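Open the model in your viewer and keep the selection tool at hand. Here is a short tour, stop by stop.

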Amino acid sequence: MSQFNYIKDIAKFGLDNDQEKLLTALNELIEHSKQTKKINFALQLQSILKESLRQNKASNLVKAGSESHFNRIEDREYNDLILEKLTSDYRFKNLVTSEETKRELELFVKEHHAVDVLRKYNLPIANKILFHGPSGCGKTLASYVIAGELNKIMVVVNLGSIVSSKLGETSKNLAKIFRKAASEDCIIFIDEFDSLGKVRDYSQDHGEMKRVVNTILQLFDYLPQSSIVIAATNQKDMLDSALMRRFDVNIKFDLPNEAQIAELIGLTLRNGQIKLPAKASLKSIIKAALGLSYYSIQKTLITAIKRSIFANIENKSIATPTVDMKVWKLLLEAEKKALET
Ligand SMILES: Nc1ncnc2c1ncn2[C@@H]1O[C@H](COP(=O)(O)OP(=O)(O)OP(=O)(O)O)[C@@H](O)[C@H]1O
Ligand SMILES: [Mg+2]
């Protein structure tokens, strides 16, 4: 199919408000552009798409938790560089992980609480940390936790957008962000860190991109000890060894196992306004949820909760709403199916 046909499809599905087909057509156009070596165009489209999906996702989950966990701080200059600046009151209790991951994260936080002690012994402080693992398993959340635990402002850099939209200025902008963040004692969170690897892969264009990667390497090497950089990726394979080697700590976020799913359910229902039915059905629902991300499991549970609340209203029941496990199971199955395609 030619580029024009994809564009016609996109126009049609966009005007029809057919989100699903629109996304498929956009993804096809991105692939087509990569294959026909229109790499910058493909990356820009990809960023637009990701950003829009991210915004939908974020607004769902922030409301779903009902507590307001972080505040956005407006800042014109940062906005120009496609950034967010936020404070967070997330804590370790908001994050479900393996014991090992939790220990690693706690050690990292501890190290930054004990900067003075480490300095006395002339020891370097670990300040470059990589989060990797599948989508929806807590990489972004863990960065909020670190910002919350250390009580620091966090600057969120979407490398995908910066790299694709500001070609020619990327190195300068990155240096500016790092300088400013260091002077304000912020954490720098670089999402989609794999964008660097990806761009490097394609052979055209590449004076600029080589410069960007070299800039990052230099910024990392000269990062002041008081600054913290957290990078996240769900495609660790895309990163080459020169980049990987720069990180002091490297933490994997996995899909949840049964115990972690149970913990996530507890966390999601923690305020006790919604009940779960008897234990037996819990076991089978946990099995049904295996293989999905924390995000998908939480999202389907929240949908099921809403439906129980509506059912109660319809039946004029004044009992505490109880999650209908059948409904939740169907939602889990639908989610699995949607992710397969
Ligand atoms: N480990 C976890 N513990 C508790 N909640 C989680 C966890 N992982 C994900 N969630 C829930 O899912 C939401 C989305 O997760 P998050 O944004 O951290 O995923 P991610 O790993 O950064 O994904 P992506 O690679 O797509 O950016 C979180 O805000 C939280 O509500
Ligand atoms: Mg993320």
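Helices (H or I, at least four residues) and strands (E, at least two) are DSSP runs, numbered from the N terminus. Show the whole protein chain as a cartoon: 16 helices and seven strands appear. This is a predicted model, in which local features need pLDDT of at least 70 and side-chain atom pairs count only at pLDDT 80 or more, while totals for chains, interfaces and linings use all residues. Residues are numbered from 1 along each chain as its sequence is written, and chains are lettered from A and ligands numbered from 1 in the order in which they are written.

Now colour by burial. A residue is buried if 20 or more other C-beta atoms (placed from the backbone) lie within 10 Å of its own, exposed if 12 or fewer, and partly exposed in between. Of the 341 residues in the protein chain, 33% are buried.

Select F4, in helix α1 (residues 3-15). F4 counts as exposed because it has 8 C-beta neighbours inside 10 Å. Add L29: it is 25 residues from F4 in sequence, and the C-alpha atoms are 9.6 Å apart.

Go to helix α9 (residues 170-183). Its 14 residues should span 20 Å at 1.5 Å a residue (the expected span is 1.5 Å times one less than the number of residues), and its end C-alpha atoms are indeed 20 Å apart. Select T170, N173, L174, I177, F178 and A181: these are buried. They cover an arc of only 135° around the axis (taken from the directions from the helix axis to the C-beta atoms), so they sit on the same side of α9. The face turned away from that buried side carries the exposed residues K172, R179 and S183.

Step on to D185, in the loop between α9 and β5 (187-191). Most residues other than glycine have a negative phi. D185 has a positive phi, near 60°. D185 is partly exposed, with 13 other C-beta atoms within 10 Å.

Next, E192, in the loop between β5 and α10 (194-201). Its phi is also positive, near 55°. Is E192 buried or exposed? E192 is buried, with 23 other C-beta atoms within 10 Å.

Finish at ligand 1. 18 residues surround it (C-beta atom, placed from the backbone, within 6 Å), the closest being S135, G138, T140, L141 and Y294. Helices α7 (139-150) and α15 (294-314) each give two or more residues to this shell. Ligand 1 lies between domain 2 (69-252) and domain 3 (258-340), because both give residues to the shell. The domain bounds come from an automatic or database domain assignment.
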